[in-house]
Amino acid sequence: MPNEVQTAGEAGWGDLDDGALLDAMGDRFDILVTVDKGLPQQQRIDVRPFAVIVLRARTNRLADLLPLVPALRSAMGALAAGQVREIVG
């Protein structure tokens, strides 16, 4: 099954705060992938119609995030709406 991937900016949501961004996602996406480690503590994810995956690497540079991709792909198939998974590299 193909995945649709968009950045917040590509979706026109680049200027939205976290709560407004989560509201905008609605039923449009199944998973939010973020590097914002504080998001799950600041927002109620358990009531959302999508899951959240937080990527934690040494930095947010692509070179440091790329090694997390296999675990990210695995987690994407195992999460239900309202769940949060942290992937640490």
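Mentor: A patch is made of residues with over 30% relative accessible area and no salt bridge (side-chain nitrogen of Lys or Arg within 4 Å of a carboxyl oxygen of Asp or Glu); like charges join within 9 Å, nonpolar side chains (Val, Leu, Ile, Met, Phe, Trp, Tyr) within 5 Å. This is a predicted model: local features need pLDDT of at least 70, side-chain atom pairs count only at pLDDT 80 or more, and totals for chains, interfaces and linings use all residues. Residues are numbered from 1 along each chain as its sequence is written, and side-chain values use heavy atoms, without hydrogens and water.

Trainee: Which residues form a nonpolar patch on the surface?

Mentor: Leu62, Leu66 and Val69, with about 270 Å² of accessible area together (Shrake-Rupley, 1.4 Å probe, only the protein chains shown as cover). Leu66 sits in the loop between helix H3 (62–65) and H4 (helices are DSSP runs of H or I, at least four residues; strands are E, at least two; numbered from the N terminus).

Trainee: Why does Leu66 count as partly exposed?

Mentor: Because its relative accessibility is 48%; buried is under 20%, exposed over 50%, partly exposed in between (1.4 Å probe, protein chains only). Pro70, in helix H4 (residues 69–76), counts as exposed because it reaches 58%. Pro70 is also 10 residues from Asn60 in sequence and 17 Å from it in space, C-alpha to C-alpha.

Trainee: What order do the strands of the open sheet have?

Mentor: E1-E2-E3, 3 strands with parallel pairing (at least two DSSP bridges between two strands). Strands E1 (31–34) and E3 (84–88) are the edges, each pairing on one side only.

Trainee: How many bridges join E2 to E3?

Mentor: 5, with E2 covering residues 51–56. Val52, for instance, has Val84 in E3 as its bridge partner.
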